Amino acid sequence: MIHVLADSRHTCGRVSTHSPKTESPSPVYKYAARSITNSNRISYLTDQNMETTSHEPAKLRSEFVRVLRSRRSAEVPLSVEPGKPVAHPLYQETPRPHFSEAMESCPKADILNFKKLLVQENLYLTTEAGEQGRLPVLILSMKESNQLRRPAVVFLHSTHKCKEWLRPLLEAYASRGYVAVAIDSRYHGERARGMTTYRDALVLSWKKGDTMPFIFDTVWDLIKLADYLTQREDIDSCKIGITGESLGGMHAWFAAAVDTRYTVAVPIIGVQGFRWAIEHDQWQGRVDSIKAVFEEARIDLGKSEINKEVVEKVWDRIAPGLDSQFDSPHTVPIIAPRPLLILNGEKDPRCPLAGLEVPKSRACKAYEEAHCLDNFQLIAQPAIGHQMTPLMVKEASDWFDKFLK
C-alpha cells in the first residue's frame with residue numbers, strides 16, 4: 001500500500017521523518033569522453049565505462065531507443081548555435097500565466113548582487129534534421145564559483161508553457177551552486193508557431209503516425225542534451241539531475257529511464273500507470289488534458305464517445321509502448337540504483353495513486369537488490385490534485401542537495 005504523507009517520506013514500505021543530511025552519497029557513474037559532433041550512435045548504451053545493473057534494463061533501454069529512432073528525421077551531427085533571450089515567450093493558454101507560488105517558493109541562497117553575478121546562456125542544439133530538431137536551451141549559473149565543475153539540474157516545463165516559465169527555479173538552483181538548465185519541449189515555446197501548435201501536432205501524429213509529440217520526441221532531445229551537458233567544462237558529468245512538472249515530469253521519468261547519464265531524477269506530478277488507468281477506467285483525467293487528439297480519433301474510428309478502445313489506439317499511434325512495455329511498471333524500476341524521488345498528489349486524476357502500486361513495488365525490489373533502499377522514495381501529498389506545490393518544490397530541492405551536492 002502506498003502511504004500518503006504530508007511532511008514525512010515514504011521509502012520502500014518504511015516511513016521515516018526528515019533528518020539531517022548525513023546519508024551516504026550517491027553512487028558514482030563514469031563515462032568516456034564524447035565528441036559533441038558524433039551523434040550517430042547512442043553512446044550511453046555502448047560505453048563500456050557505464051555501470052549497468054543487469055541485462056534486462058539494458059535490453060529495455062535499447063528497445064526504447066529503437067522506437068525513438070523509428071520516427072526520427074535524418075540524424076545530423078550535434079551542433080551548438082548561440083541564441084538570444086526570448087523577449088516575449090509563447091504560452092499556448094489563455095489567460096497567459098503570470099505567477100506560480102510553487103515556482104517562487106524554491107529555496108534560494110542570499111547572495112549580494114545576485115543579478116549581476118548571474119550568467120545567462122541562450123543556445124540551440126541540433127538534435128535531428130528539420131524544424132523541430134532545433135532545441136532551444138536556457139542555462140543559468142553563477143559567474144563566481146569555487147568549483148570548476150558543478151552539478152547540473154535539467155528542468156522540464158508543463159503542457160502549453162515554456163522554458164522561460166521555469167526561470168524562478170533556475171535562478172534558485174543557480175544561487176545554490178548548480179548549473180540550471182531548461183529547454184522548450186517539442187511544439188512549445190520557441191518551437192511553436194501559435195496557440196494551437198502542440199494540439200495540432202498531436203492530431204497530425206494520430207493522422208500520419210510519423211512523429212511522437214507526446215513525450216517521446218522530447219525524450220530524444222533529452223538524450224542529445226545529455227551529450228552536450230557531459231561535454232561542458234563547468235558541469236560534473238557524474239552529477240546531472242533531471243526534474244519536471246506534469247508533462248515535464250513524464251519527460252524526466254522517461255529520460256532517466258533511457259539515459260543513465262541523468263544520475264538523479266525527480267519527476268513531479270508526472271508518473272502514472274497508463275495500462276492501469278485503462279484497465280480500471282481511470283483514463284479520463286489524462287485524456288482530457290490533450291482531448292483534441294482523442295476526439296479526432298473517436299471520429300475516425302466511428303465511435304459515439306471516447307472509450308477504452310479509442311484510448312488504446314491513440315497511445316499506440318502517438319507513443320508506441322506507452323501503455324505496455326514502456327509503462328511505469330517496467331521503466332520506473334530500471335532507474336535503480338540512481339536516486340529517484342516521485343512526487344505526486346494524493347487526489348491527482350491524471351496520475352491516480354493506485355496506479356503506482358505495482359511500479360512502486362517493483363522499484364522497491366530493484367533498489368533493495370542494489371542495496372540502496374534510501375535512493376528511492378515516493379511522496380503523495382494529501383488532498384492535492386494535479387498541482388505542483390511548494391512542499392513538492394522543497395522536497396525536490398532537498399533531494400538534489402542530498403545526492404548532487
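Helices and strands in this tour are DSSP runs, numbered from the N terminus. With that convention, Asn-146 can be placed in the loop between β5 (134–142) and β6 (150–156). The model on display is a predicted one.

**Asn-146 and Gly-177**

Select Asn-146 to begin. Its relative accessibility is 85%, and Asn-146 therefore counts as exposed. Add Gly-177 to the selection: the two C-alpha atoms are separated by 9.4 Å, while the residues are 31 apart along the chain. Gly-177 comes just after α5 and takes a positive phi of about 100 degrees.

**The whole chain**

Before going further, display the full protein. Its secondary structure comprises 15 helices and eleven strands. Of the 405 residues, 58% count as buried. Among contacts between residues at least 6 apart in sequence, 78% join residues at least 24 apart. The protein exposes about 16,600 Å², and carbon and sulfur atoms supply 50% of that area.

**Helix α5 and the Lys-108 to Glu-171 pair**

Now select helix α5, residues 167–175. Seven of its nine residues are buried, so the helix is largely enclosed by the rest of the structure. The buried residues include Leu-169, Leu-170, Ala-172 and Tyr-173.

Glu-171 of this helix deserves a separate selection together with Lys-108, as their side chains meet in a salt bridge with an N to O distance of 3.8 Å. Lys-108 lies in the loop between α3 (101–104) and α4 (114–117), so the pair ties together parts that are 63 residues apart in sequence. The environments of the partners can be compared in the viewer. Lys-108 is partly exposed, at 45% relative accessibility, whereas Glu-171 is buried, with a relative accessible area of 9%.

**The salt-bridge network**

Next, select Arg-72, Glu-128, Arg-186, Arg-191, Asp-217 and Asp-221, which are linked in a network of salt bridges. Within this group, the side chains of Asp-217 and Arg-72 meet at 2.5 Å, N to O. Asp-217 belongs to helix α7 (residues 216–229) and Arg-72 to the loop between α2 (55–70) and β3 (80–82), with their positions 145 residues apart in the chain. Asp-217 has a relative accessible area of 1% and is buried; Arg-72 is buried as well, with a value of 13%.

A further pair to display is Asp-234 with Arg-232, a salt bridge of 2.9 Å, N to O. Both of these residues are buried. The count for the structure comes to 33 salt bridges.

**Arg-286**

Which side chain of opposite charge is nearest to the buried Arg-286? Select Arg-286 in helix α10 (residues 284–289), then Asp-348, which is 6.1 Å away. Arg-286 has no salt bridge. Beyond its neighbours within four places in sequence, Arg-286 is in contact with residues including Phe-214, Met-250, Trp-315, Cys-351 and His-386.

Cys-351, from that contact list, is buried at 0% relative accessible area. Cys-162 is likewise buried, at 0% relative accessibility. The structure holds zero disulfides.

**Nonpolar cores**

Phe-214 leads to the next stop. The largest nonpolar core has 84 residues, and Phe-214 and Leu-225 are those with the most contacts inside it. Select Leu-225 and, leaving aside its neighbours within four places in sequence, display its contacts: Leu-125, Leu-135, Val-137, Val-154, Val-181, Ile-183 and Tyr-262. Apart from this core lies another, of 39 residues, among them Leu-118, Ala-172, Phe-400 and Leu-404.

**Backbone features**

The tour closes with the backbone. A cis peptide bond joins Thr-94 and Pro-95, with omega about 0 degrees; Pro-95 is found in the loop between β3 and α3. Another cis peptide bond joins Ala-336 and Pro-337, where omega is about 5 degrees. Pro-337 sits in the loop between α13 (328–331) and β10 (340–345).

Select Asn-113 next, in the loop between α3 and α4. Asn-113 is not a glycine, although it has a positive phi of about 60 degrees. At 45% relative accessibility, Asn-113 is partly exposed.

Finally, go to Ile-269, in the loop between β9 (264–268) and α9 (274–279). Its phi is near 40 degrees, a positive value in a residue other than glycine. Ile-269 is buried, with a relative accessible area of 1%.

Technical notes:
Residues are numbered from 1 along each chain as its sequence is written. This is a predicted model: local features need pLDDT of at least 70, side-chain atom pairs count only at pLDDT 80 or more; totals for chains, interfaces and linings use all residues. Side-chain values use heavy atoms; hydrogens and water are left out. A salt bridge is a side-chain nitrogen of Lys or Arg within 4 Å of a carboxyl oxygen of Asp or Glu. Helices (H or I, at least four residues) and strands (E, at least two) are DSSP runs, numbered from the N terminus. Buried means under 20% relative accessible area, exposed over 50%, partly exposed in between (1.4 Å probe, protein chains only). Contact means heavy atoms within 4.5 Å. Accessible areas come from the Shrake-Rupley method with a 1.4 Å probe; for residues, only the protein chains shown count as cover. Lys and Arg count as positive and Asp and Glu as negative; His and the chain ends are not counted. A disulfide is a pair of cysteine sulfur atoms within 2.5 Å. A nonpolar core is a set of buried Ala, Val, Leu, Ile, Met, Phe, Trp, Tyr and Cys residues joined through side-chain atoms within 4.5 Å.
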